[in-house]
Amino acid sequence: MTKKTTSSTPEAGFAALGLDPRLLDALTALGYEEPTPVQRATIPVLLEGKDVLAMAATGTGKTAAFALPLLHRIDPTAAPRARLAALVLVPTRELAMQVAEAVHRYGRPFGAAVISLYGGASMEQQIRSLKRGVDVVIATPGRALDHIRRKTLHLDHVKTVVLDEADEMLDMGFAEDLEAILSELPATRQTALFSATIPARITAIAKAHLKDPVVIRIERPATAPGETAKVRQVAYLVPRAHKMAALARVLDVEAPESAMVFCRTRTEVDQLTETLVAHGYRAEALHGGLSQDQRDRVMKRFRSRGSDLLIATDVAARGLDVKHVTHVVNFDVPWESESYTHRIGRTGRAGREGVAITLAEPREHRILRSIEAATGQKIEIGTVPSVADLRTRKLEQLRDQVVAILTNEDVDRYRPIVEQLAEEHDVMDIAAAAIRMVARKSESDQEPVEIPSVVPRGGDRDAHTPRPARQSRREHAGKVGGAAVARLYIGAGRKLKIRPGDIVGAIAGEANIPIAQIGAVQIGDRHSIVEVPEDKAGYIIAKLSASTIKGKKVRVRRDQA
Ligand code: AMP
């Protein structure tokens, strides 16, 4: 029987906003279960054609909030010169690439042609793409103006213009460029302005260029402090590419008796569950893509301690109340402080101290701060445990296990062996060897590697700390540390039980490349792809070819795709 509750299908949440059914399919495929607060507030207003002034930071789902409605207004059949329906202005080249990628993904079912225009890239190539005709342009203001002046960007048919991260664009000195671009756009167009903060300069732009805008601020209602008083709250700032490894490390060190891990999408839930099971955990997935029966069974096993980790989306875990949860982990920062409070309220029950751990991307730092403001409680920023921390913790765990056996169990049966061994060996050595034997069982066959985490500099508590943000966007867009990236093909994958950590570990260990310079890793059935700095690709290939991964010789070459 596969019965689905309507509340957990994306169709229910997103369809109620009036989106095109083809977009709903795209969202289901991405694993989105329900709209975020910014999306819920903004999408219907933009679909109605009204102007919007929205206060929303990165990590709130703001990109989809403007990208989904603008796709309704494109017309890929129009003549190339008349085709451009939407212009999105963003402060940086990294954000331009990132937003273009998102719009492209959402717009695939419409056949939307999307390009990004930013400085430093070939003008000729951009002009060729524009000539062929595009539906949506994502541009930095300087480059957009350049094209407008050369008459290679025609704005006569633009129906929607979006100013994304408007406060940052002003901070970067783009005020005049923005004015110039806005004055070139048809007076009838719709304008949407998104900004993390709304200082007076933003209000002035809104007054001059937005028509009777609907102002959207996602209020974060204060929560009663008592609710989460017994919960220790920690956050780690980790680049996206290292989140999975960071989660495994944190779990290894915390050794939770019973934990709930929350993710944003179904896809993420499935991936995490698979990885954690491979890592040796009794983990189970809970999301809206499962039938009611399946969900009931998963919850029952978790309640009766038949599984230790429950990996869930908010929607699927709604109403689930389990007394013995010792740890709540937010694999992503939740959209709302209410949801944060609700999640972490699941631990720290029955007078015991609970632990709430949040993995945030450096650029999401701001959202953590607004959660702190809403809950009135501090979230400590920690550093992901190092390999040394992990080893120390493992030894402590072994010691605790031995103490537990000494105090609670009868070991008489084993004394004769010890006596016999003691005739030839030192008793301390015998005990150490026995512990070594146990330790070996819990050791994975791969060496742990250091995981980079960002510790905010002095400006932790100050409103403007966008620096780490840039860096993480760059990584997101496939650029590692700003340098050119090469994709390497490695002839081993899931079938050989290869995990991203094996590949990162091999590159770091064999070629002595800092982990922060290693980009995304994709594991296929029989091969894997990893992104590395272009200038080190040849060296890495040579080093890996001369060594082994998980004890096996593997083929390593540049990926031809
Ligand atoms: P943004 O604030 O636009 O940078 O989005 C943050 C992240 O949330 C992106 O990785 C999006 O793909 C993801 N996202 C956006 N909307 C949703 C949603 N409704 N459900 C799950 N994930 C989402």
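This passage walks through three helix pairs and a ligand site in a predicted model.

A good place to start is the ligand. It has 16 residues around it, and the closest include Tyr-32, Gln-39, Gly-59, Gly-61 and Thr-63. Some of the polar contacts can be picked out atom by atom. One runs from a ligand nitrogen to the side chain of Gln-39, where an N or O atom sits 2.8 Å away. Glu-34 takes part through its backbone instead, with a polar atom there lying 2.8 Å from a nitrogen atom of the ligand. On the oxygen side, a backbone N or O atom of Lys-62 is 3.4 Å from an oxygen atom of the ligand.

Lys-62 also leads into the next element, since helix α4 covers residues 62-71. Helix α4 packs against helix α5 (residues 93-107), with the two axes 10 Å apart and at an angle of about 45°. That angle falls outside the ranges for parallel, antiparallel and perpendicular, so α4 and α5 count as oblique to each other. Their crossing is right-handed. On the α4 side, the contact is made by Thr-63, Ala-64, Phe-66, Ala-67, Leu-68 and Leu-71, while α5 brings in Val-99, Ala-102, Val-103, Tyr-106 and Gly-107. Sorted by class, that gives nine nonpolar residues, two polar ones and no charged ones. Thr-63 turns up twice in this account: it belongs to the α4 side of this contact, and it is also among the residues closest to the ligand.

Further along the chain come helix α6 (residues 123-132) and helix α7 (residues 141-149), whose axes come within 12 Å and cross at roughly 65°. Angles from 65 to 115 degrees count as roughly perpendicular, and α6 and α7 are therefore described that way. Helix α6 passes α7 in a right-handed crossing. Met-123, Gln-126, Ile-127 and Leu-130 of α6 meet Arg-143, Asp-146 and His-147 of α7. Charged residues do appear here: the contact holds two of them, together with three nonpolar and two polar residues.

The remaining pair is helix α17 (residues 387-408) with helix α19 (residues 427-442), which pack at an angle of about 120° with their axes 11 Å apart. This makes α17 oblique to α19, and the crossing is again right-handed. From α17, the contact uses Lys-394, Leu-398, Gln-401 and Val-402; from α19, it uses Ile-435, Val-438, Ala-439 and Ser-442. The tally by class is five nonpolar, two polar and one charged.

Note on methods:
Residues are numbered from 1 along each chain as its sequence is written. This is a predicted model: local features need pLDDT of at least 70, side-chain atom pairs count only at pLDDT 80 or more; totals for chains, interfaces and linings use all residues. Side-chain values use heavy atoms; hydrogens and water are left out. Axes are lines fitted to C-alpha atoms, for helices over the stretch in contact, and angles run from 0 to 180 degrees between N-to-C directions. Helices (H or I, at least four residues) and strands (E, at least two) are DSSP runs, numbered from the N terminus. Angles under 35 degrees count as roughly parallel, over 145 as roughly antiparallel, 65 to 115 as roughly perpendicular and the rest as oblique. A crossing is left-handed if the near helix is turned anticlockwise from the far one by less than a right angle, and right-handed if clockwise. Contact means heavy atoms within 4.5 Å. Ala, Val, Leu, Ile, Met, Phe, Trp, Tyr, Cys and Pro count as nonpolar, Asp, Glu, Lys and Arg as charged, and the others, Gly among them, as polar. A residue is near a molecule or strand if one of its heavy atoms lies within 4 Å of it. A polar contact is a pair of N or O atoms within 3.5 Å; within protein, one must be able to donate a hydrogen and the other to accept it, and residues adjacent in sequence count only if both atoms are side-chain atoms.
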